[in-house]
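Colleague: Could you take me through this model and tell me how each label was earned?

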Amino acid sequence: MVSLKDYRNDVKPDWCAGCGDFSVLAALNKAAVSLEISPKDLVVSAGIGCSGKISGYTKAYGVQGLHGRSLPVAQGIKLANHDLKVIAMGGDGDGYAIGIGHAIHAMRRNIDMTYVVMDNQLYALTKSQASPRSDEGFVTTTSLDGAQDSPLFPMELALSSGVTFLGQAFTGNMKQLVNILEEAINHKGFSLVNVFSPCHTYNYKNTPKWFKDNLTNLDEIEGYDNKNKYEAYSVLDKYDNLVTGIIYRDDTKKTFEDNLKGYDQTKQLSNACLELDENLFNSLCDEFR
């Protein structure tokens, strides 16, 4: 049996008091325990930013790469060792700015892994700048007259990119957040979970109260069909993307691994012998002489 104690380490998070990322960390651990995933079978790949610190705060395999690059690292790990549960973590600045190209291609590729984005609508680690998720007119330390760009809507972008599992959660609703993470991790294919994670230090607009007043819970909409992509687009448009729950899922599409020629599910690159035969090595060197 796996318990929460198995996921606790001695590293104390240095997020600001009240940061929503605390809830994401707790929810991730609870979901892993509920699914009985051993820490030795879980990899957390993160980028740079407040969200990037999460890979060191849980007792599992953790990798912190470059800004916006958690997805390439995570996909490589999954293809090298498909027995692992791989979760890429990022923030809206990390994942929807410099990392947006990786996100789009990861979604259409449909590798069997999960991507969790902690969305606080700004760059917090560098003391508050507008991110692709900041509202037009949002005032920050570098946009005193308000952000001029319109915000990016990643849920609609994900649907058009072919994502096979799309969820959105709020750190103020822990039960739903854990449930969505469990479903995302269990989904066979690429899962994107966007989590509204309020920044108490720099974001004075998108506060926990603001989210509670403006979010619509899809679990409370009678008859909503999250397997209907048209309904998913419609509900996002109707509620201005401010919804929580499982927005869309497609459990029928084959994964990247299923379609990859020469990919042997019974053999793993992580177990392969990577030593070169001496004669082969010498012949390769001869080509460059």
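Modeller: Here is the reasoning behind the labels, from the whole chain down to single residues.
This is a predicted model, where local features need pLDDT of at least 70, side-chain atom pairs count only at pLDDT 80 or more, and totals for chains, interfaces and linings use all residues. Residues are numbered from 1 along each chain as its sequence is written, and side-chain values use heavy atoms, with hydrogens and water left out.

Colleague: How many helices and strands does the chain have?
Modeller: There are 10 helices and 10 strands. Helices (H or I, at least four residues) and strands (E, at least two) are DSSP runs, numbered from the N terminus.

Colleague: What makes the chain as compact as a globular protein of that length?
Modeller: The radius of gyration, taken over C-alpha atoms, is set against the globule rule, 2.2 Å times the number of residues to the power 0.38. The chain comes out at 20 Å, and the rule gives 19 Å for 289 residues; those values are close, so the chain is as compact as a globular protein of that length. Along the principal axes, the C-alpha trace spans about 70 × 45 × 40 Å.

Colleague: How much of the chain counts as buried?
Modeller: Of the 289 residues, 49% do. Buried means under 20% relative accessible area, exposed over 50%, and partly exposed in between (1.4 Å probe, protein chains only).

Colleague: Why is P39 called buried?
Modeller: P39 has a relative accessible area of 16%, and the cut-off for buried is under 20%, so the label holds. P39 sits in the loop between α1 (21–34) and β1 (42–46). Beyond residues up to four places away in sequence, P39 touches V2, D6, Y7, K59, A60 and Y61, where contact means heavy atoms within 4.5 Å.

Colleague: And what makes Q75 and Q168 buried?
Modeller: Q75 has a relative accessible area of 7%, so Q75 is under the limit. Q75 is in helix α2 (residues 70–80), and its contacts outside four places in sequence are A106, R109, I111 and M113. Q168 is at 1% relative accessibility, so Q168 counts as buried too. Q168 belongs to strand β7 (residues 165–170). The C-alpha atoms of Q168 and T244 are separated by 4.8 Å, though the two are 76 residues apart along the chain. T244 is also among the residues that Q168 touches, along with M155, I180 and F196.

Colleague: How many aromatic pairs are there?
Modeller: The structure holds 6.

Colleague: Why is the pair of W15 and F22 called edge-to-face?
Modeller: Rings of Phe, Tyr and Trp (its six-membered ring) pair if their centres lie within 6.5 Å; planes under 30 degrees apart count as stacked, over 60 as edge-to-face and the rest as tilted. The centres of W15 and F22 are 5.2 Å apart and the planes are at 85°, so this pair is edge-to-face. W15 is buried at 7% relative accessible area, whereas F22, at 32%, is partly exposed.
W210 and F211 are another edge-to-face pair, with 5.1 Å centre to centre and 85° between the planes.

Colleague: How do you know that W210 is partly exposed?
Modeller: W210 has 24% relative accessibility, so W210 falls between the two cut-offs. F211, at 1%, counts as buried. W210 and F211 form one aromatic cluster with F170 and F196.
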